Amino acid sequence: MSTSILRLTPTLQTYDWGSRSVLHALLGLERDGGPLAELWMGAHPKGPSSASVDGGSSSSLADLIRADPVAMLGQRVLDEYGPRLPYLLKVLAADRALSLQVHPTPHLARAGFNRENREGVPHGSPERSFHDDQHKPEMVVAVSRFEGLSGFRRPVRILELLDGLRGDLAGRLRAALEGDLSARGIRTAFTLALHARTLPDVAADLRTTVADVRARLAAGSASPRADATVVALSEQHPGDPAALVSMMLNRVTLEPGESMFVPAGHVHAYLSGCAVEIMSSSDNVLRAGLTSKRVDVDSLLACVSYAPGPAARPSIRRLGATGASGRRDAPGAIGGLWEYRASISEFALVMGPVGGDVVSLPLGGPRIVLSLGGHLELGRSAGEDSSPGASGWAPLGVGESVFVPHVAGPLAVRGVGDVVVAYVP
């Protein structure tokens, strides 16, 4: 196995909610009026990156890993996850809301995948809910202002937002929560909302409720963000109860450098903005609404965590410093490279600006490095000669990404720009 850094060609996803400009600009592509939603860098079967050495012939990264897993992954990662890259790195750019969704736990992912296999649902079919047997915890770090929903609000707060709104569904949600101010009440209300999507009169009922929300917003709402979210989602997806469900969820705004973790079972939706996203290498998405894709209510309800609480945050540590900080303003306020770690073992991120020095990055295992801007170079060790033109350094242009195999050894970056490094902690 060569110790060379492998240049990646990411898989592009053109989902209809994607931005028509942000990722085009990052990759230097001409705008064609169509959406470009995600760049995938990894080895997931649905869209493995192709990899090459110095412009040579390309091969699937997944195939290269299977051909020599010890060199590509390292024995530690191979022993824990098998001959597969355990994470998938993305850049996401949304002009409209993604689906309201949840990701399964490991045992539910295996059970659902095996069940659909027994039922003969073809792989890749839009009728599948489980596309693989893996869980899919994920973490986002904002590149621009990034808006989203994640996790359930306290029942008392949900009732405050629903207060005074007309409509049968709104009334039924209030009744469920007034009868039980606990996670059980949230479960009852959420289940009512998901099953309401099939009722013949739900669209007219929601128009009444949304009209009240719109009027409240125009009159100077005490909760303008929550109300504006309902209005915006109802305009994007008319007649979908998920617009009203947004009142049950925490509304989250991330400024550049701020981050959020989405564990398995957390109901969430990303609304707008650009972010780096990393997750376990899975495409298991169980949808509750805000989508034209399959909504599998029964499978989704079995996976949901109903305990109310704020959106989850990863641990954040400035490289070269001691301790950790989950403060929202930490990365943006101080700058520099930051390490983002969630409470799972498949992935972590190093991300931020490089200011001219030679900076050592994670030592081993499979790493993907991405440039978000500036002029960067990669080398295998911070101890190498860092003078201009020195051998052993490879340029990394804006929007370019590389895979660094375990066998390549220590990694360093120099130059001036913004870098992202995905790795297995």
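These legends walk through several close-up views of a predicted model.

**View 1. How confident is the prediction along the chain?**
The protein chain averages a pLDDT of 90, and 92% of the residues score at least 70. Two stretches deserve some caution, though. For residues 321–335 the pLDDT stays under 50, and the model gives them 22 contacts beyond four places in sequence. Residues 384–390 also come out with a pLDDT below 50, with 13 contacts in the model beyond near neighbours in sequence. Where pLDDT is low, the predicted coordinates shouldn't be read in detail.

**View 2. Helix α5, seen for its length and its buried face.**
Let's do a quick ruler check on α5, which covers residues 106–118. With 13 residues at 1.5 Å a residue, the helix should span 18 Å, and the C-alpha atoms at its ends are indeed 18 Å apart, so the two agree. Now, which residues of α5 are buried? They are Ala109, Gly112, Phe113 and Glu116. Looking down the axis of α5, you'd find these buried residues within an arc of 100°, so they line one face of the helix. Just after α5 comes glycine 120, which takes a positive phi of about 80°.

**View 3. Strand β8, wrapped up by its surroundings.**
Strand β8 is made of residues 138–142, and five of the five are buried, so the strand is largely enclosed by the rest of the structure. Pick out the side chains and you can sort them by direction: Glu138, Val140 and Ala142 point one way, while Met139 and Val141 point the other way. β8 pairs with β11 (residues 259–262) in the antiparallel sense over four bridges. In that pairing, valine 140 stands opposite methionine 260. β8 also pairs with β12 (residues 268–280), again antiparallel, over five bridges. Here the bridge partner of methionine 139 is isoleucine 278 in β12.

**View 4. Strand β18 and its three antiparallel pairings.**
Which strands pair with β18, the strand of residues 367–379? One of them is β20 (residues 401–404), which runs antiparallel to β18 and is joined to it by four bridges. Look for isoleucine 368 standing opposite phenylalanine 403 in β20. Another is β21 (residues 411–423), paired with β18 in the antiparallel sense over eleven bridges. There, serine 371 stands opposite valine 419. β19 (residues 394–396) pairs with β18 as well, antiparallel and over three bridges. Leucine 378 and alanine 394 of β19 stand opposite each other.

**View 5. The largest nonpolar core and a second one apart from it.**
In soluble globular proteins, nonpolar side chains tend to be buried together. The largest nonpolar core in this model has 50 residues, and Leu100, Phe152, Phe190 and Leu300 touch the most other members. Helix α8 (residues 183–196) gives the largest share of this core, six residues. Another core, of 41 residues, lies apart from it, with Leu39, Ala93, Ala312 and Val420 among its members. If you zoom in on leucine 100, its contacts beyond four places in sequence include Ala242, Val245, Leu249, Val267 and Leu290.

**View 6. Leucine 290, a loop residue with a positive phi.**
Leucine 290 sits in the loop between β13 (286–289) and α12 (297–303). Is leucine 290 buried or exposed? Leucine 290 counts as buried, because its relative accessibility is 3% and the buried label applies under 20%. Its backbone is worth a look too: leucine 290 has a positive phi of about 60° although it isn't a glycine.

**View 7. Two aspartates in two settings.**
Start with aspartate 95, found in the loop between β6 (87–94) and β7 (100–102). It is partly exposed, with a relative accessible area of 44%. Aspartate 95 and glycine 18 are 77 residues apart along the chain, yet their C-alpha atoms are separated by 5.6 Å. Leaving out residues up to four places away in sequence, aspartate 95 touches Trp17, Gly18, Ser19, Arg20 and Leu271. Then turn to aspartate 212, in helix α9 (residues 202–218). Aspartate 212 is buried, with a relative accessible area of 17%. Leaving out residues up to four places away in sequence, aspartate 212 touches Gly164, Leu165 and Arg166.

How values were computed:
Residues are numbered from 1 along each chain as its sequence is written. Side-chain values use heavy atoms; hydrogens and water are left out. The expected span of a helix is 1.5 Å times one less than its number of residues. Buried means under 20% relative accessible area, exposed over 50%, partly exposed in between (1.4 Å probe, protein chains only). The arc is that of the directions from the helix axis to the C-beta atoms. Two strands pair if DSSP finds at least two bridges between them. A nonpolar core is a set of buried Ala, Val, Leu, Ile, Met, Phe, Trp, Tyr and Cys residues joined through side-chain atoms within 4.5 Å. Contact means heavy atoms within 4.5 Å. pLDDT is the predictor's confidence in each residue, from 0 to 100.
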